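Let us read a structure together, one feature at a time. A learner asks and a teacher replies.

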Amino acid sequence: MSDRLSGEEGAAGFPLLTVLALMAGIFAVGSEELVVSPLLVDMAASFDTTVAVMALSVSAYGVSTAIGALLFAPLGDRFSRRLSLTIGMAAFVSGTLLCAFATGPGLFFTGRALAGLATGAFVPTAYAFVGDHIAYRHRAKAMGILVSSWSISLVLGVPMGSFIGQWANWRWTFGMLSVLGVFVACVLLMTRVGAGPATDGVPPQTTARDTAPAPAPDPVSSQRWIQSAARAFLAPKVSLYVLATFLNMLGFYGMYTFLGSALQYRFGDGSSMTGIMILLYGLGFATSFVTGRWADKLGKERVLIALLGGLVPALVAIPLVAGWTPLLVLCLFLWGAMQSLVVTLLSTLLSESSQQYRGTVLAFYSLATNLAVALGAALLGPLFTAYGFSALGWVCAGITLVAFVLSGWAQRRGSERAAKDTARAATGSEEPATGGERAATGGGGRR
């Protein structure tokens, strides 16, 4: 295949159809991940089991996504990324259809696991595809569209799936997602953006060496991977923020997984209010497009601490105000707004914490998130079944409180290190920083 970009980009300037297909794919897998929450009660009734048991499908999805990213996403580096994307979406369709036609929890869990493996393969490959095959001048725009798909799946995909499940049957929700997956796979097969690196429009300072194929990995580097990972994790503030990420996401998924069930108990079967309430949460989640600018001005670490502190009473309050719809609307919207910005800030702070080990640090972030997805439903499902939504709120608030303490500790360590650096500069000392300090200060940027 030619390294040149195809007629789609050459004629239109921006490969709109391909980017929209990737966006639709991420929208589909994002909706698949989150749509289970408002459907748990109906699925449990269909399979004659409990909500806690069906919630384990969320855990199966999270574990499979992590495994899929680890095992299958790297195949795109050796073979065609377009082929990897198409196979991944075909596997997603197969898993989703298996969920739609499942006759028991075992088949449903198998379908969720297959869809999770496909998600783990599809999403990182889609990001890599943009970097490889879309011209530099369009790359940021394309990546922004893909990242926004996650918010769109929460704002539109989950409420739509809830409405379909309430008006027809929960199986139709998975059927519609599989139809969307078929559409994505067909578009990926039909469109062509080029097979080689998209170097068109690369800034003048980028040399041929920068765009040349990467050399074969040094055998010694694989032996040093564990050592590098340990250095990255032990760099100042990285371990604290990774643990804070895990605890924040554990509290979030533990609460969100059973939110739909609690709302359905509150408003009754067949009510559209469950979907509307989740839509309001999604609208709050989408506010990070605006609030992120405020965090940059006020200081990322200070805003993160304030938001985690605010999430603690919010998680306690949501079950308590479930009987007062106006207050519930306000709490759900604020919960979405705070959680969205917390996720944004944690990922940003971790990406800035170490320039030398940035990729490894973000891998820890992804691992912490997927582990929280898997454990949130598995560990807190029995609590919800036995003691109800209020008890779940208190436990999730306690988990988030620990994340709040860790983020405060991280800021304090950063302030102490900055004070030491200032003192060294004032005394003219040229004492070299430790390896961990060098790794932590390489990211730069205002916190």
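The dialogue below goes through confidence, one helix residue, salt bridges, aromatic rings and cysteines.

Q: What kind of model is this, and how are its residues numbered?
A: This is a predicted model: local features need pLDDT of at least 70, side-chain atom pairs count only at pLDDT 80 or more, and totals for chains, interfaces and linings use all residues. Residues are numbered from 1 along each chain as its sequence is written, and side-chain values use heavy atoms, with hydrogens and water left out.

Q: What is the mean pLDDT of the protein chain?
A: First the idea: pLDDT is the predictor's confidence in each residue, on a scale from 0 to 100. Here the chain has a mean of 77, and 74% of its residues reach 70 or more.

Q: Which elements have the lowest and the highest mean pLDDT?
A: Elements come from DSSP runs, numbered from the N terminus: helices are H or I runs of at least four residues, strands are E runs of at least two. Helix α10 (residues 208-211) has the lowest mean, 40, and α17 the highest, 93.

Q: Where does pLDDT stay under 50?
A: Where pLDDT is low, the predicted coordinates should not be read in detail. One such stretch is residues 1-12, with pLDDT under 50 and 35 contacts beyond four places in sequence; a contact means heavy atoms within 4.5 Å. Residues 430-447 are also below 50, with 38 contacts beyond near neighbours in sequence.

Q: Is I318 buried or exposed?
A: Buried means under 20% relative accessible area, exposed over 50%, partly exposed in between (1.4 Å probe, protein chains only). I318 is buried, because its relative accessible area is 1%. I318 sits in helix α17 (residues 300-320).

Q: Which residues does I318 touch?
A: Leaving out residues up to four places away in sequence, I318 touches M255, L328, C331, L332, W335 and F389. Take W335: 17 residues separate it from I318 in sequence, and the C-alpha atoms are 8.8 Å apart.

Q: How many salt bridges does a search of the whole structure find?
A: A salt bridge is a side-chain nitrogen of Lys or Arg within 4 Å of a carboxyl oxygen of Asp or Glu. The search finds two. In one, E32 pairs with R112, with the closest N and O atoms 3.6 Å apart. E32 is in helix α2 (residues 16-34) and R112 in helix α7 (residues 105-133), 80 residues apart. E32 is buried at 0% relative accessibility, and R112 is buried at 0% too.
A: In another, E301 meets K237 at 2.9 Å, N to O. E301 is in helix α17, while K237 is in the loop between α12 (225-234) and α13 (238-256), 64 residues away. Both are buried.

Q: How many aromatic pairs are there?
A: Rings of Phe, Tyr and Trp (its six-membered ring) pair if their centres lie within 6.5 Å; planes under 30 degrees apart count as stacked, over 60 as edge-to-face and the rest as tilted. The count is 16. F252 and Y253 are edge-to-face, at 4.8 Å and 70 degrees. F258 and F384 are stacked, because their centres are 4.9 Å apart and their planes at 25 degrees.

Q: Which residues do ring pairs link into a cluster?
A: The cluster holds F252, Y253, Y256, Y281, F285 and W335.

Q: How many disulfides are there?
A: A disulfide is a pair of cysteine sulfur atoms within 2.5 Å. The count is zero. C331 is buried at 15% relative accessibility, and C396 is buried at 0%.
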